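Reader: Hi! Could you walk me through this one? I'd like to start with charged pairs.

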Amino acid sequence: MNNILKLGALAAASTLVLAGCAANEAAVEETTSATTDTTETVVELTGTLNGSGASSMAAGQEAWIAAFQTANPGVTVNYDPTGSGTGRKQFMEGATSFTGSDSYWKEEELGGEFPSCAAGTLPWEFPIWISPIAVIFNLDGVSSLNMDGATVAGIFAGEITKWNDAAIAAANPGVSLPDLTITAVHRSDESGTSKNFTDYLGAVAPDVWTVGAIEAWPAEYGGEGAQGTSGVVSAVSGGNGTIGYADASRAGDLGTVAVKVGSDYVAYSAEAAAAVVDASPLVEGRESYDLATKIDRNTTASGAYPIVLVSYLMGCNDYADDAQAELVRAWASFLVSEEGQQAAAASAGNAPISAGLRAKAQAIIDAIK
Amino acid sequence: MTDVKPKAVRRLGDIVFANLTFLAGISILLTLATVAAFLFAQSVPAFTGEPIEAAENGFWAYVFPFIFGTVYASVIALAIATPLAIGIALYISHFANRRFSQILGYAVDLLAAIPSVVYGLWGILVLAPFLTPSYRWLNENLGWVPVFGGQVSATGRTMLTVGIVLAIMVLPIMAALIREVFLQTPRLHEEAALALGATRWEMIKMAVLPFGRPGIISAAMLGLGRALGETMAVAMVLSPAAVISFDMLTSTNSNTIAANIALQFPEAGGNYTNLLIATGLVLFGITMVVNMIARWVISRRAEFSGAN
């Protein structure tokens, strides 16, 4: 115990000394050296960084924290996957320095106070986590099917009930479809996956899927409920003639649906998921450091896969505590970096953000004070 | 009135020990009161705060399907578990040879040690797929019986599967309790019945079962209490919807209160949390009523109890 304390004090003291020198004399030099040799020798950051929010990116955060703390042994990063709403609330209470959230800041939230940030300044946000949602099914002898949005919506709304329905058959010439009842599996717990999936259904087929983006499944649409991503995947694999939606990294051996985008059918892939984010417009009326994106589910951009879940990273433009600013800058830079995105993708199977988005995000990060 | 009763000598150790047991006893009441107070206090904002999207038709419209589901699943579980538990208990207490009955007794107790999440996994991965063909058969051949009608589930994650899983979960405690009661049947009653020429089955019918009836009832109530509150296994196995449905073989089943809380709580915010806690209070009430009925049933039949 004593040894640890001593070590910690030593580390803190040496950083103070070094930081003191650097701040006065060679600030410019330091930043240039930091960007050129990106490995271990950079700077000895110390401190604790607390964040909370979306559970969707919890697996990614674990990978990021492990990699970041290995590179910066003096830093402790905590991420508590409390859920997006709670995460944003905790940030607005000043309890955390950064937040992960499945939805961007609401207008009314931006009108509130942000105690972690310098008085009067607003937080930034940009997409950090793009996760394609696959439409998975279990049908003997069929590994891939084409469907347009209205068909997917019809299946999940309980209007299309047989696998050999004309709407499915028309899009899949040459595939022999059985006269089998479709069991559509949805999430029985509230989830961001359901919300993004139903947002897609409501956008592409508003007259079939009339309830819009929802987290709790409406009883009148029927279907089968299952708990969590694993529950949906096991229900789909366990039955015959089942279809469901789940995080694409968990699709496994199940058949997947290629959805109609423009005139093509696009299967999910990391690139296709990142492409739809690039092809979508930013929310209007936001500041330049606010990359809130309205995902264009009706996109016709070629090779874009519109059923994605996008989570944001949020932090202050100007931290009340300068030490936190430095930590967040390093942390956020690592998250958007190619290395960081690949680290998360390797362990959680999400889609890395595109180079264009990375450049925009890095510009925001560099401006953190 | 001159002779005074000698006063009992009170030693320090006696006083300390008496007070310690008093504290232990009162801690039960305190815990219960704290939980009840927490449920009450946390439920209030669900009714006073801004309207909640999930319960737009009012609290009772929201909670009623869950009350129904809770009771329905538990009743199915009991209907399956009670005869089975009586059978197990009779076999262990009156039929099996000593060695085997001991082994069987241990095995039943072991069932009780399996955590509910394991039962849930087993329910999804083994039991549900295994039962699906039987469900299809039931639906095709006995579909005219209301509970077997409807669109049969393709995955087997139905009310009946939940009932079976719950039945297996409550079986150990019921079988153990009933076995103990059966073992206490007065030897003389049994021997008298046999001496009068009764067969073994007639002896059981005349001596063991009437003697054990209050024990069977209290075991059933104990099992019911456990089934009502079971959360994890139901949340994992059942395919829920916010409906009231008697169909046992479809994908559209009434969820239970406990499972609904477990499913919705992680992402709930604001006074939706309070709404869920209020449903918890309703479950608390149901369990209390069940326990009170059980007490009443047992006390009404006190003349049968092991005391005489």
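Author: Happy to. Over all chains, the structure holds 12 salt bridges, a salt bridge being a side-chain nitrogen of Lys or Arg within 4 Å of a carboxyl oxygen of Asp or Glu. This is a predicted model, where local features need pLDDT of at least 70, side-chain atom pairs count only at pLDDT 80 or more, and totals for chains, interfaces and linings use all residues. Side-chain values use heavy atoms, without hydrogens and water, residues are numbered from 1 along each chain as its sequence is written, and chains are lettered from A and ligands numbered from 1 in the order in which they are written.

Reader: Are A:R187 and A:D189 buried or exposed?

Author: Both are buried, meaning under 20% relative accessible area (exposed is over 50%, partly exposed in between; 1.4 Å probe, protein chains only). Their side chains form a salt bridge at 2.9 Å, N to O.

Reader: And what does A:K162 pair with?

Author: A:D179, in a salt bridge at 4.0 Å, N to O. A:K162 is in the loop between α6 and α7 of chain A and A:D179 in the loop between α7 and β6, so the pair ties together parts 17 residues apart in sequence. Helices (H or I, at least four residues) and strands (E, at least two) are DSSP runs, numbered from the N terminus.

Reader: Switching topic: how many residues of β11 in chain A are buried?

Author: Nine of its nine, residues 308-316.

Reader: Nice. Which way does β4 of chain A run against β11(A)?

Author: Antiparallel, over nine bridges; pairing takes at least two DSSP bridges between two strands. A:I130 stands opposite A:V310 in β11(A).
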